[in-house]
Amino acid sequence: MSLQLSLLPPVAPPTDFIEDLRRFSLDGAETVEVEEGGLRYFVNAFWTAGQRRGHSIHEISYRACFKSELPGFFIERLTSPGDRVFDPFSGRGTTAVQAALMGRAPAANDVNPLSAMLCAPRLDPPAVAAVAARLAEIDLSVGVDDPNEADLLAFYHPDTLRQITALRSWLLGRGDALDSVDAWIRMVAINRLTGHSPGFFSVYTMPPNQAVSALSQRKINEKRAQTPVARNVPAIILKKTRSLLSDGFPAAHPPAILLTGAADRTPALADASVDLIVTSPPFLDVVDYEGDNWLRCWFAGIDPACVRIDKHSNIVSWEAFVRRAFGEFARIVRPGGFVAFEVGEVRGGKVLLERHVAAAIEGLPFDILGVMVNQQVFTKTANCWGVNNNKGGTNSNRIVMAVRR
Ligand SMILES: C[S@@+](CC[C@H](N)C(=O)[O-])C[C@H]1O[C@@H](n2cnc3c(N)ncnc32)[C@H](O)[C@@H]1O
């Protein structure tokens, strides 16, 4: 083990990382560097959908998730195998899963318990045969009455709903006996609840990360003159299992730490124990995580009223929320450790969240190295960093890069 570690390339200090960004070139496009609003921006196509495809195990949907290439970029350059990589706003767990794939020690937190349910099974997946055997064991022939039945029938054929309620009840009844195979089945089922193809349990609806209300679904059904057809729930779960595992299993990695709670209180993480944070918080009030996840929470037995998702319509309270989170990052990130904090484009580009992050963390022990802008369709002429940049069509990630002093 020690021999293996000594052969590893040394981790780049953050200043070398910035040099790396400057020199970066994929397809010959050069990094454009510009200073605006007191921040240094580094703009390029640092990863693209076509050239580098993520591992198949990432292929579950979640509202406002980032591509695995984003955490992969930072993990590769700023950490070594065994280092602790953390996402305090974990969502589907993209950072933690990518960290596991790269042999790092994954850590993830989200205020919604759904997040750990989506992430944990993919860190250490069971064999396909074990999933098939467990599905064959579960009796899905007797459904369970549910107070939401009338609403659920807007999405599902009665026969499909019977299988879903039977599976839900079986999983909820497992209690402490719930094992890694059950957890995998739950994760896949959560992901197959609604979608727009026969690979999902539902009739045609919105994309799977955005469950509409039953009322909206009835309208969709009317407009499309459709009624839900019967689906084979275990067959769909098994097919998706095979597809998630088609690129193989994550490498051996140190044990994961998975937490459920607010990002500004993560006492389970020791002081200075984190080498790298790669994360993306809620962007003001742009996404309705509660509404979009209502059906998933129902299936998982989560009471949405108990989940306090941060949603801020005004920038002052959003800044205060970001400052609280960075206050906790200051405790858990080791000196010299790195935070990559992705913010989205909001209010049609009128609000540049990266500047509010910079304002929010003033006085905390972090130095901002700049903002990395990953421009998926990169054109040198696009004014892609400043106020005019957010014309429709371009899809960029803006990542505030900060180092713990
Ligand atoms: C932009 S999403 C993260 C998506 C993630 N990067 C991924 O790839 O799936 C933001 C997440 O923050 C979570 N969240 C909202 N308020 C939170 C808080 N105070 N503490 C921790 N998580 C919170 C939401 O539940 C949501 O999953």
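Select Asn-109 to begin; in this predicted model, Asn-109 sits in strand S6, which covers residues 105-110. Colour the strand if that helps to place the residue. Is Asn-109 buried or exposed? Asn-109 is buried, because its relative accessible area is 2%, and the cut-off for buried is under 20%.

Next, show what surrounds Asn-109. Leaving out neighbours within four places in sequence, select Phe-86, Asp-87, Pro-88, Phe-89 and Ser-90, which are among the residues in contact with Asn-109. Then add Leu-259, Thr-260, Gly-261, Ala-262, Ala-263 and Thr-266, which also touch Asn-109.

Now turn to the charged side chains. The model has 23 salt bridges, and the next stops show some of them.

Go to Glu-76 and Arg-77. Their side chains form a salt bridge, with 3.9 Å from N to O. How exposed or buried are the two partners, Glu-76 and Arg-77? Glu-76 is partly exposed at 47% relative accessible area, whereas Arg-77 is buried at 14%.

Move on to helix H8, residues 158-174. Select Asp-159 and Arg-162 in this helix; they are three residues apart, about one turn. The N to O distance in their salt bridge is 1.8 Å. Arg-162 is partly exposed, with a relative accessible area of 27%. Asp-159 is also partly exposed, at 27%.

Then select helix H14, residues 315-332. Which two residues of this helix should be picked out, and how far apart are they in sequence? Pick Glu-328 and Arg-331, which are three residues apart and so separated by about one helical turn. Their side chains meet in a salt bridge at 2.9 Å, N to O. Glu-328 counts as buried, because its relative accessibility is 9%, and buried means under 20%. Arg-331 is partly exposed, at 26% relative accessibility.

For the last stop, select several residues together: Glu-19, Arg-22, Arg-23, Glu-33, Glu-35 and Arg-40. What joins these residues? Salt bridges with shared partners link Glu-19, Arg-22, Arg-23, Glu-33, Glu-35 and Arg-40 into one network. Show their side chains as sticks to follow the network from partner to partner.

Technical notes. Residues numbered from 1 in each chain as written. Predicted model: local features only at pLDDT ≥ 70, side-chain atom pairs only at ≥ 80, totals over all residues. Heavy atoms only, no water. Salt bridge = Lys/Arg side-chain N within 4 Å of Asp/Glu carboxyl O. Buried < 20%, exposed > 50% of the residue type's maximum accessible area, 1.4 Å probe, protein only. Helix = DSSP H or I, 4+ residues; strand = E, 2+ residues; numbered from the N terminus. Contact = heavy atoms within 4.5 Å.
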